[in-house]
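Visitor: I'd like to learn how to read helix packing from a set of coordinates. Can you walk me through an example?

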Amino acid sequence: NDFMIQFINSPIFGNMTVHEITGARYPHSLISILTHLGITGFLFFLILLFYVYNDIYHIDNNKLDIYTNQNYSLLRFFVVSAMIVITMMTSFFTWMPFWFCIGLFGVSLYCNMEKTYAN
């Protein structure tokens, strides 16, 4: 019930203080993205998640860096997925360890070095 009360207040763009305006309880989960950021913010968040997972699965064998290692990609996948599950069950979307995890494991910094050391 609290979700619908907060979501109906501003469904398109959301409102970061909607829980104070409506007097409803503070939602603790990623579902609060819909109530606080609206549909627009939720779409931006889904696009971010798409690019994070796309980056994790993108392996370029012509690059020399840690991000092309399949074991590291698996670690990145599990850590980002675990943080999303933990955030969905226990915290708010502004939880700092969640965004630190997205920044640390979600974005690759590729070098432009070719594999010249093999010769």
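**Reading the helix packing**

Guide: Let's start with a pair of helices: the axes of α4 and α5 cross at roughly 160° and come within 10 Å. Keep in mind that this is a predicted model.

Visitor: How are α4 and α5 oriented to each other, roughly parallel or roughly antiparallel?

Guide: The general idea is to check the angle against a cut-off: over 145 degrees counts as roughly antiparallel. At roughly 160°, α4 and α5 are therefore roughly antiparallel to each other. As for handedness, α4 passes α5 in a left-handed crossing.

Visitor: Which residues of α4 and α5 meet?

Guide: From α4 you have Tyr72, Leu75, Arg76, Val79, Val80, Met83, Ile84 and Thr87. Facing them from α5 are Pro97, Phe98, Cys101, Ile102, Leu104 and Phe105. Sort the residues of this α4 with α5 contact by class and you get 12 nonpolar, 1 polar and 1 charged.

Visitor: What about α3 and α4, at what angle do they pack?

Guide: Helix α3 packs on helix α4 (residues 70–90) at about 155°, and the axes are 9 Å apart. The cut-off for roughly antiparallel is over 145 degrees, so α3 and α4 are roughly antiparallel to each other. The crossing of α3 past α4 is left-handed. On the α3 side, the contact is made by Leu49, Val52, Tyr53, Asp55, Ile56 and Tyr57. On the α4 side, Ser73, Arg76, Phe77, Val80, Ser81 and Ile84 take part. By class, the residues in the contact of α3 with α4 come to 8 nonpolar, 2 polar and 2 charged.

Visitor: And how do α3 and α5 pack?

Guide: Here the angle is about 40°, between helix α3 (residues 32–57) and helix α5 (residues 96–105), with the axes 10 Å apart. That makes α3 oblique to α5, because angles under 35 degrees count as roughly parallel and 65 to 115 as roughly perpendicular, with oblique in between. α3 also passes α5 in a left-handed crossing.

Visitor: Which residues of α3 and α5 meet, and how do they divide by class?

Guide: Phe45, Leu48, Leu49, Val52 and Ile56 of α3 meet Phe98, Trp99, Ile102 and Phe105 of α5. The class count for α3 with α5 is 9 nonpolar, no polar and no charged residues.

**Stepping back to the chain**

Visitor: How many helices and strands are in the protein chain?

Guide: To place a pair of helices, look at the whole list of elements too. The protein chain has 5 helices and 0 strands, and from the N terminus on the order is α-α-α-α-α. Of the 119 residues, 37% count as buried. For contacts with a separation of 6 or more, residues 24 or more positions apart account for 61%.

**Single residues**

Visitor: Now for one residue at a time: is Thr35 buried or exposed?

Guide: The idea is to compare relative accessible area with a cut-off, and buried means under 20%. Thr35, which sits in helix α3, has 1% relative accessibility and so counts as buried. Its side chain has polar partners as well: the side chain of Thr35 reaches the backbone oxygen of Ser32 at 3.0 Å. A polar contact of 2.8 Å also joins the side chains of Thr35 and His36.

Visitor: What about Gln6, where does it lie?

Guide: Gln6 is in helix α1 (residues 2–9). With a relative accessible area of 1%, Gln6 is buried. Try the spacing along the chain too: Gln6 and His19 are 13 residues apart in sequence, with 6.5 Å between their C-alpha atoms.

Visitor: And Trp95, where is that found?

Guide: Trp95 is in the loop between α4 and α5. At 29% relative accessibility, Trp95 counts as partly exposed. Leaving aside neighbours within four places in sequence, Trp95 is in contact with Met83, Ile86 and Thr87. Met83 and Thr87 are also among the α4 residues that meet α5. Finally, the C-alpha atoms of Trp95 and Ser29 are separated by 10.0 Å, with their positions 66 residues apart along the chain.

How values were computed: Residues are numbered from 1 along each chain as its sequence is written. This is a predicted model: local features need pLDDT of at least 70, side-chain atom pairs count only at pLDDT 80 or more; totals for chains, interfaces and linings use all residues. Side-chain values use heavy atoms; hydrogens and water are left out. Axes are lines fitted to C-alpha atoms, for helices over the stretch in contact, and angles run from 0 to 180 degrees between N-to-C directions. Helices (H or I, at least four residues) and strands (E, at least two) are DSSP runs, numbered from the N terminus. A crossing is left-handed if the near helix is turned anticlockwise from the far one by less than a right angle, and right-handed if clockwise. Contact means heavy atoms within 4.5 Å. Ala, Val, Leu, Ile, Met, Phe, Trp, Tyr, Cys and Pro count as nonpolar, Asp, Glu, Lys and Arg as charged, and the others, Gly among them, as polar. Buried means under 20% relative accessible area, exposed over 50%, partly exposed in between (1.4 Å probe, protein chains only). A polar contact is a pair of N or O atoms within 3.5 Å; within protein, one must be able to donate a hydrogen and the other to accept it, and residues adjacent in sequence count only if both atoms are side-chain atoms.
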